[in-house]
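Work through the exercises below with the model open. Try each task before reading its solution.

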Amino acid sequence: SRGQSLPDWLAMRSGRFEVFTDGVAFPESKEDIRRVLALARGKSWVLIPYGGGTSVAGHITPDMQERPVLTISLAKMNRLIDIERTSQIATFGPGTPGPEVEAQLKPHGFLLGHYPQSYELSTVGGWVVTRSSGQQSYRYGRIEQLFAGGTLETFEGPLELPTFPASSAGPDLREMILGSEGRFGVVSEVKVRVTPIAASESFHVAFSPSWATSIQLAREAAQRGIPLSMLRLSNGTETETQMAMAGKPDAIVWLDRYLKLRGVGEQKSMVTFGLTGSKAQCKSAWRELRALFSELGVVHIGKSLGKLWEHSRFRSPYLRHTLWELGYAVDTLETAVDWVRLPQAVERIEAALREALPDLPVHVFTHMSHIYAQGASIYTSYIFPNGQSYDETLARWTTLKAKVSNAVVESGGTISHQHGVGRDHAPYLSAEKGALGMDALGALREHFDPEETLNPGVLLEASPK
């Protein structure tokens, strides 16, 4: 009945669920999903497809309404169905979580390489319908590059999406499924492009003299096409926060001294990067990157901090509980903008959060999580004091969310680079799609689900009845 958005978190810890799903179906096949759709047709039901329950944008929370709600858990459709080695296409059940995807591919010598922060629990079907991005998408691609085809179960029957390496036969129907968030049907089968397991992989940390230098580094690396597997660049506040959280003050003192000797001072910005591929590919990528480091005065520290990042790469969400116990709430947001807008967008987003609660401190820090030749993803975390009650804390979050969402839109950023739309971002979608685009999406929804049975209010705000 709840995901992992901050309102979900507050509800679970305050006993304020307010509304529950009325039942859960556990289909084990395409035919089972079709039976559920047939059962619900013509009735005033709500059907909510459910993968791993990791949504941070309100995708799976039942709305406050009188209609019966049935959650469709895809947890039992969780295995590798087929692997076509020559074309490197693997077929999975939509409920297969990240670790199981990789565990089932590994004996065949392949991997998918899709590692979102929610990797431990999120599912391949969920990745598709929310247009997910993984930590190493710079090498393997976002889910839209990995998604080769599959099946969508609709009220009018199955929509089969065949796999092609490329096609100019009209609009790509896969794009209707990517980011559809359960509004048009239920994904019953996912075909993905897999890759042979790399011979070599390592993660490293470096420090640039400033955030401005890090922005230049990221843009140059992307536009020169340096073949890294990931590149994450932290602004000054995030760099300070991460170093403080490392819990090794003596080592940090010595690191600061060393960096100052190398010309990297108080404005330093942490750079985390990955090298993945054959040994020759990794060596070539490192040679290109090292030359860029030399141009910009970036200091490479080595693999030790990179190994620490690799070991704890999926642990950050668990800090929410520790902060809660200490009296603080934490949330994140992300967007993507063109390079020309990026510095001002970061300033505007962070200022909106710091100033949203005038009488309370809000700790804000940002990193670039994914880079492209055109621009980058901005990922911002913010921590603020809990209120004295559930209602007070939720009101603080609501204020922060509204202020920063408007700042994102006004900065020319997308309302979501990787978290999807859900309920939380739906009010801001029209700023990005425009009136004509929203009408087109509404027409698709009307075609596939005229009774608004599937996830009403998600992605597209519910139509007035």
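**Exercise 1. Describe the setting of Arg131, its backbone and its salt bridge.**

Step 1. Start with exposure. Arg131 is partly exposed, at a relative accessible area of 23%. Here buried means under 20% relative accessible area, exposed means over 50%, and partly exposed lies in between (1.4 Å probe, protein chains only).

Step 2. Place the residue. Arg131 sits in the loop between helix 4 and helix 5. Helices (H or I, at least four residues) and strands (E, at least two) are DSSP runs, numbered from the N terminus.

Step 3. Check the backbone. Arg131 is not a glycine, yet its phi is positive, near 55 degrees.

Step 4. Find the partner. The side chain of Arg131 meets that of Glu175 in a salt bridge (2.8 Å, N to O). This pair links distant parts of the chain: Glu175 lies in helix 7 (residues 174-177), 44 residues from Arg131. A salt bridge is a side-chain nitrogen of Lys or Arg within 4 Å of a carboxyl oxygen of Asp or Glu. Glu175 is partly exposed too, with 41% relative accessibility.

A note on the source: this is a predicted model, in which local features need pLDDT of at least 70, side-chain atom pairs count only at pLDDT 80 or more, and totals for chains, interfaces and linings use all residues. Residues are numbered from 1 along each chain as its sequence is written, and side-chain values use heavy atoms, with hydrogens and water left out.

**Exercise 2. Examine two further salt bridges, then a network.**

Step 1. Take Glu31 and Arg34. Their side chains form a salt bridge (3.9 Å, N to O). Both residues belong to helix 2 (residues 30-40), three residues apart, about one turn of the helix. Glu31 is partly exposed at 41%. Arg34 is partly exposed at 31%.

Step 2. Take Asp172 and Arg174. The closest N and O atoms of this salt bridge are 2.5 Å apart. Asp172 counts as partly exposed at 36% relative accessibility, whereas Arg174 counts as buried at 17%.

Step 3. Look for shared partners. Arg131, Arg142, Glu144 and Glu175 are joined into one network by such salt bridges.

Step 4. Give the total. The whole structure holds 28 salt bridges.

**Exercise 3. Which strands form the antiparallel sheet, and what packs on it?**

Step 1. Read the order. Five strands make an open sheet, 4-5-9-7-8, with antiparallel pairing. Two strands pair if DSSP finds at least two bridges between them.

Step 2. Find the edges. Strand 4 (80-84) and strand 8 (157-161) each have a single partner strand, so one side of each lacks a neighbour in the sheet.

Step 3. Check the turn between neighbours. With direction ignored, neighbouring strands are turned by 10 degrees against each other on average. Angles run from 0 to 180 degrees between N-to-C directions, and axes are lines fitted to C-alpha atoms, for helices over the stretch in contact.

Step 4. Zoom in on one pair. Strand 7 (residues 147-154) and strand 9 (residues 186-193) run antiparallel and are joined by six bridges. Phe147 stands opposite Val192 in strand 9.

Step 5. Add the helices. Helix 2 lies across strand 7, strand 8 and strand 9, at about 40 degrees to strand 7. Helix 3 (residues 98-105) touches strand 4 and strand 5 (89-92), and its direction makes about 130 degrees with that of strand 5. Contact means heavy atoms within 4.5 Å.

**Exercise 4. Describe the parallel sheet.**

Step 1. Three strands form this open sheet in the order 1-3-2, with parallel pairing.

Step 2. Strand 1 (23-25) and strand 2 (46-50) are the edge strands, each pairing on one side only.

Step 3. From one strand to the next, the twist averages 30 degrees.

Step 4. Five bridges join strand 2 to strand 3 (residues 69-73). Pro49 stands opposite Ile72 in strand 3.

Step 5. Helix 2 returns here. Helix 2 lies across strand 1, strand 2 and strand 3, at about 160 degrees to strand 2.

**Exercise 5. At what angle do helix 8 and helix 11 pack?**

Step 1. Helix 8 (residues 211-224) and helix 11 (residues 279-296) pack at about 145 degrees, and their axes are 11 Å apart.

Step 2. List contacts. Residues of helix 8 including Leu217 and Ala221 meet residues of helix 11, among them Leu289 and Phe293.
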